[in-house]
Structures are given as C-alpha cells and as structure tokens.
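This report is an introduction for a reader who has not met the structure before. Please look over the sequence and the model first.

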Amino acid sequence: MGCFPIGSTRVAIVVALTSILASCTSLPRSGPDHTDVDRGAAVKVTTKERRVGIDYALIDLSKNVLSFFTSPQPTSFKGFGGGRGKAPEIPLGYGDVVQVAIFEAQSGGLFIPSDAGSRPGNYISLPEQTIDRNGTITIPYAGRVPAAGRLKETVEQDVEDRLASRAIEPQVVITTTTSRSSQVAVLGDVNNPQRITISPAGERVLDVISAAGGLTTNNIETNVTLQRRGRTATVAYNTLLKNPAENIYVAPDDTISVDHERRTYLALGAAGVSGRFDFEESDLTLGEAIAKAGGLRDDRADPAQVLLYRLVPKTTVAAMHVDTTRFAGDTVPVIVRANLRDPATLFAAQQFKMEDKDIIYISNSDSVELVKFLDIVNSVSSTVAGVTDDARDTRSAVRELGR
C-alpha cells in the first residue's frame, strides 16, 4: 500500500471490480440472460447491426409543426348526401304490405255496381297484399303492376292509366300497412339495438340512434359508422352533435353501427409512472398526457429528450417538406421530439393533441447510466474500505451535474 497513493489504490480497485463484473455470470437475475437466450436458439432470424429496420422520421416539436398535428382527418357522411333540404322520398320495396283502394266517379262502373245505392263513397278496398319477389302487386283488370323501387304516387298513376278504359274516372290510393323495405338497422353500443322503420317525414342518424335507446357509453369515445350500398364512413358521435351537416337523413337498408373505442396511450422510460393510460372522457394534449403519467422523474429523466411515437399520414409529412420517397404505404413512422428544457416548448406541448395509441418515451439523462454503474460498484465493493464513500460521493456529484 505504501507504493501507491490512496486515490490510485481506489481507482485500481474500481477497475478490477469492473473487470470482474464484466465476466461474472453468477449475479442474481430474474430470468435468463440475453446471452443464454442467444446461445440456446436453434434458429436465429436477426437483422443487420441489431436494428429492426423500420425507417422513421424525426421531427422536433415547434410552433411551425403544430398546425400539421391539429387533429386526425376524419371521414365524413356528407358524401352520402341527404344533409340538407327536405327528407328524401322513400319508394316501395320488396316485402312491403300494401292496401289498394280504387275510387270511381259514379256507380255502374267497373267496381261499383249500379244498384249500390247510397254509400259513403264509390270505392272498394282490395285485400292487403305483399309486394312479391318480382316486385309486383296484382290489381283486378290491371294485371301485375311493378311496385318495388317506385314511389307510391307513381304506382298509383300506373294503375289509374291501366283502368282508365274500363272504369269510370278511376282514382287509386295505395296505403303501406307494413313497411319491411324502408328499415334501418342500428347496432352496437346502444341500449336497444333494433331495426327501425323510416317514416315519410324522414329520420336522421341521431334520430334512429335515439329511437334505439341512445348510447350506453360516453359521447367522446363513441364513433358512428354508416354502411350504405357498399360504402362505409365513420364519424365521431360528438361530430354529429356539433356539425348538423354530418347528421344526414338515413336511407332504406342503411346499417348504423355505434362503437365505443377505448382511447389509450403508453408512457415509458423515465416517466413518473410507466404504463397504459386512458384518455377517459376528455381529449388530451401532450402536456396533459405527461402529467397524467406522473410527469418526468427528476432523478432520471432528460427533459430535452421527450419522444412521442406515432404513425402519421404520408400527406401530412410531405406537407412539412419532408422527403417521404423511402417510406412505403400511406403512413410514416414519426418521432416527435420535445425539448422541455426550452420554456417555450411547454406552450407547444399544451397545444399538441394526443391521438389514440400514441407512445410517449422519456429518455434517461446521460448521467443516470454512470450512476447505475457506480451503484453496482458500490454493492460489490461494500467490504473494501473507502470505496463505498467514494462511490456515494461520486454518484451524488454526477446527479447534481445531471440536473
């Protein structure tokens, strides 16, 4: 010991301990070491240089990029029509049950006999009949009359024309007693899923949802999907409430699906609490999401390296003058980096809207890795006089520098 200064001796001990730790395989572990997993594999499918191979774009959060991340571009019901004006006319359809009444100007005609005498009106009502698979109804002396897909007034005029040469100034009234073709199915997270018959007054999307008992979930996490003749569109329920143009008239055979979608995000790394978090009944900004996860750990986090992972539409990324030629598909993996050491970035973080399935990763400060190393040295060398104090003092100094 007399040949070396005390400080040099402690450095030598630390170096020796480092070598021991590097080759030690008997330290406590909760599971197999990565080297054991690697050696035990019968077949290995690995990437070059241990990289996953997914290209991504790195974008620093700033005032200039906020406008590109305002909100996702939703689909719309406007393309289906029926948003404004009067309710659409509903034609007769297959399976509808109708009753036909035929009026004549006076008795002695085709349907009203001459000896009918006094009566409230010169008419007869034919028995109810169902529009058959051929889409027709049967009228005496008029034959089989096409009805399915035609407006009631059009069918009435057709029957009148067919009877004009045989009846006395015939007039026809068709009444729908049971409508099976003009129904809308309302499914999903409503209190009473059912098929709802559309009235001539016309029903809008919110009307049929209300007729099905309303929502079973909160508004803000509920989406409404409309299926019509092979086309599908989805809008948020709140959009229907706030934008009347989206609350369009429904049409026969529409299917309305109401779905609650739990919105979540992940917080990883040096967050106060790591895990999956719900948006619950509100929209979140990046600042609120970080706070919901317990903020940044003061003893570990690097405030300059707060990262948000998201798949962004390629059109949005291209609008920021980013070269997207190397990205396949319609979306680009994007990492948005927020430097919370800059006070102005806190304002930007409070305007940056979170989206469902976002991932927040808060990096460790560089000094944390050295502190971890010194903790290991401290635990292994606890029997060596003086090393414990040096490790503790050094660790404290590093932590102070990292703040």
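The sections below describe one helix and two sheets of this predicted model.

## Helix 4

Helix 4 is made of 12 residues, 152-163. From its first C-alpha to its last it reaches 17 Å, which is close to the 16 Å expected at 1.5 Å a residue.

The buried residues of this helix are Val155, Glu156, Asp158, Val159, Glu160 and Leu163. Their cover includes four strands: strand 2 (97-103), strand 5 (136-139), strand 6 (143-146) and strand 7 (171-178).

## The five-stranded sheet

One open sheet consists of five strands, and their order across it is 9-8-12-10-11. The pairing in this sheet is mixed. Strand 9 (194-197) and strand 11 (231-236) are its edge strands, each pairing on one side only. From one strand to the next, the twist averages 20 degrees.

At the strand 9 edge, strand 8 (residues 183-188) and strand 9 run antiparallel and are joined by four bridges. Valine 184 has isoleucine 196 of strand 9 as its bridge partner.

## The six-stranded sheet

Another open sheet has six strands in the order 1-16-15-17-13-14, again with mixed pairing. Which strands stand at its edges? They are strand 1 (57-60) and strand 14 (275-278); each has a single partner strand, so one side of each is left without a neighbour in the sheet. With direction ignored, neighbouring strands here are turned against each other by 25 degrees on average.

## Pairings within the six-stranded sheet

At one edge, strand 1 pairs with strand 16 (residues 331-338) in the parallel sense, over four bridges. Aspartate 60 stands opposite arginine 337, a residue of strand 16.

Towards the other edge, strand 13 (residues 264-269) is joined to strand 14 by four bridges, and these two strands run antiparallel. Leucine 266 has arginine 276 in strand 14 as its bridge partner. A hairpin of five residues connects strand 13 to strand 14. Strand 13 also pairs with strand 17 (residues 359-364), over four bridges and in the parallel sense. In that pairing, the partner of alanine 267 is isoleucine 360 of strand 17. Strand 13 therefore lies between strand 17 and strand 14 in the strand order, while strand 14, as an edge strand, has a single partner.

Definitions and conventions. Residues are numbered from 1 along each chain as its sequence is written. This is a predicted model: local features need pLDDT of at least 70, side-chain atom pairs count only at pLDDT 80 or more; totals for chains, interfaces and linings use all residues. Side-chain values use heavy atoms; hydrogens and water are left out. The expected span of a helix is 1.5 Å times one less than its number of residues. Buried means under 20% relative accessible area, exposed over 50%, partly exposed in between (1.4 Å probe, protein chains only). Contact means heavy atoms within 4.5 Å. Two strands pair if DSSP finds at least two bridges between them. Axes are lines fitted to C-alpha atoms, for helices over the stretch in contact, and angles run from 0 to 180 degrees between N-to-C directions.
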